[in-house]
Amino acid sequence: MEQITSLEVVEVKNHGNSCPEEEVWSWGAGTEGQLGTGKLEDELFPQQSHFPSGDSIAQLACGGAHTIALTSRGKVLTWGRGTSGQLGHGEMVNSLKPKLLEALTGYVVVHVAAGWSHSGFVTDTGILYTCGDGSFGQLGHGDYQSHCVPRAVSFYSFKHVVQVACGMRHSIVLVKGDSEGDKVYGFGSGRRGQLGVSNDKVKSVNEPISTLGLEDVQLGSLCASGDHSAALSIEGEIYTWGRGFNGSPDLCSPQRVDSQLCFTQVCLGWNHALLLTGKGEVFMLGRHRHENPEKHLSGNVRQY
């Protein structure tokens, strides 16, 4: 899944006011309202999105053609394409502007994720809610139904979810505090190995199954996009699985990227991955999926 919408949060200082005012700018594909500008138009240059006044934005997530914003107070706003129920507003229609997700107003949400046509939300109590397209089992409810209102994934009723990542038609979830240590679960489409739950490819899984090969790894974060999945350990190691980049073999279970570097963030694209180090260096994986990333230095970024 390629990200077709870009968003950025910036702080702008008003004259005569020492407190910065936060703004959200977006650009790219916008014909389904996913830019939040109130227009059904693509934008080649950054445009300011129209947000209700109130809390600052803590996290933004871009899906196939919808966008999710998480505020600093744990509220959620969604907009863009909603024809599969991925906006969570109880109807399968698009929204041109950010709209408060009222179904979760009684909860404090701490993490959000957007897939191609589905969405995931994690509360401060460790409960996972999903909505949108469920035709590949990517909502984790044990069926292949779609839902237009966020629904708790019952599998995690007695577990503590800390993060969810949504790919094109699959989801992966990080659970902390389990008696068995950190665990990653996958559900949804597994045709390219992106679930990491079997030594062989599986067509689809409609309820969470634990991944293979990460049992002794302490994990910090997850990432998913297209038919790929990735995990970052607290030691700075990257593990990837799923669709092979540029014709390289698919991986059915997590494999560590061969590198001596210490990474702090990973971002997956359709046919490549970007890795950020603690020194502010960006490396790319792509041409040869597990070739040493030191051979693919793409430049430096300024540390914020």
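A cavity is a set of points, on a 1 Å grid over the protein atoms alone, where a 1.4 Å probe fits but cannot get out, and its lining residues have an atom within 4 Å of a point. The model examined here is predicted, so local features need pLDDT of at least 70 and side-chain atom pairs count only at pLDDT 80 or more, while totals for chains, interfaces and linings use all residues. Residues are numbered from 1 along each chain as its sequence is written, and side-chain values use heavy atoms, with hydrogens and water left out.

**Exercise 1. Describe the largest cavity and its lining.**

Step 1. The count comes to 1 cavity of 30 Å³ or more. About 30 Å³ of space lies in the largest cavity, a volume being the space filled by probe spheres set on the points, with grid points joined across faces, edges and corners.

Step 2. The residues lining the largest cavity are Gly190, Gly193, Leu195, Gly196, Val197, Ser198, Asp200, Val202 and Cys252.

Step 3. Sorted by class, this lining has 4 nonpolar, 4 polar and 1 charged residues. In this scheme Ala, Val, Leu, Ile, Met, Phe, Trp, Tyr, Cys and Pro count as nonpolar, Asp, Glu, Lys and Arg as charged, and the others, Gly among them, as polar.

**Exercise 2. Determine which residues Asp250 and Arg81 engage in salt bridges.**

Step 1. A salt bridge requires a side-chain nitrogen of Lys or Arg within 4 Å of a carboxyl oxygen of Asp or Glu. By this rule there are 6 salt bridges.

Step 2. Asp250 forms a salt bridge with Lys201, and their closest N and O atoms are 2.9 Å apart. The pair links distant parts of the chain, 49 residues apart: Asp250 lies in the loop between strand 18 and strand 19, and Lys201 in the loop between strand 14 (183-190) and strand 15 (202-210). Strands are DSSP runs (E, at least two residues), numbered from the N terminus.

Step 3. Asp250 counts as buried at 18% relative accessibility, whereas Lys201 is partly exposed at 46%; buried means under 20% relative accessible area, exposed over 50%, and partly exposed in between (1.4 Å probe, protein chains only). Arg192, Lys201 and Asp250 are linked in a network of salt bridges.

Step 4. Arg81 forms a salt bridge with Glu32, with 3.1 Å between the closest N and O atoms. Arg81 lies in the loop between strand 6 (76-80) and strand 7 (95-100) and Glu32 in the loop between strand 2 (20-28) and strand 3 (43-48), so the pair ties together parts that are 49 residues apart in sequence. Arg81 is buried, with a relative accessible area of 14%, and Glu32 is partly exposed, at 23%.

**Exercise 3. Establish how strand 12 is joined to strand 13.**

Step 1. Strand 12 (residues 160-166) is mostly covered, with 5 of its 7 residues buried.

Step 2. Strand 12 and strand 13 (residues 170-176) run antiparallel and are joined by 6 bridges; two strands pair if DSSP finds at least two bridges between them.

Step 3. Val161 has Val175 in strand 13 as its bridge partner, and a hairpin of 3 residues connects the two strands.

**Exercise 4. Give the strand order of the open sheet of 4 strands.**

Step 1. The order is 16-17-18-19, with antiparallel pairing.

Step 2. Strand 16 (219-225) and strand 19 (251-256) are the edge strands, each pairing on one side only.

Step 3. Strand 17 (residues 228-233) is joined to strand 18 (residues 238-242) by 5 bridges, and Ala230 stands opposite Thr240 in strand 18.

Conventions: On a 1 Å grid over the protein atoms alone, a cavity is a set of points where a 1.4 Å probe fits but cannot get out, and a pocket is an open set with protein on both sides within 12 Å along at least five of seven lines; lining residues have an atom within 4 Å of a point.
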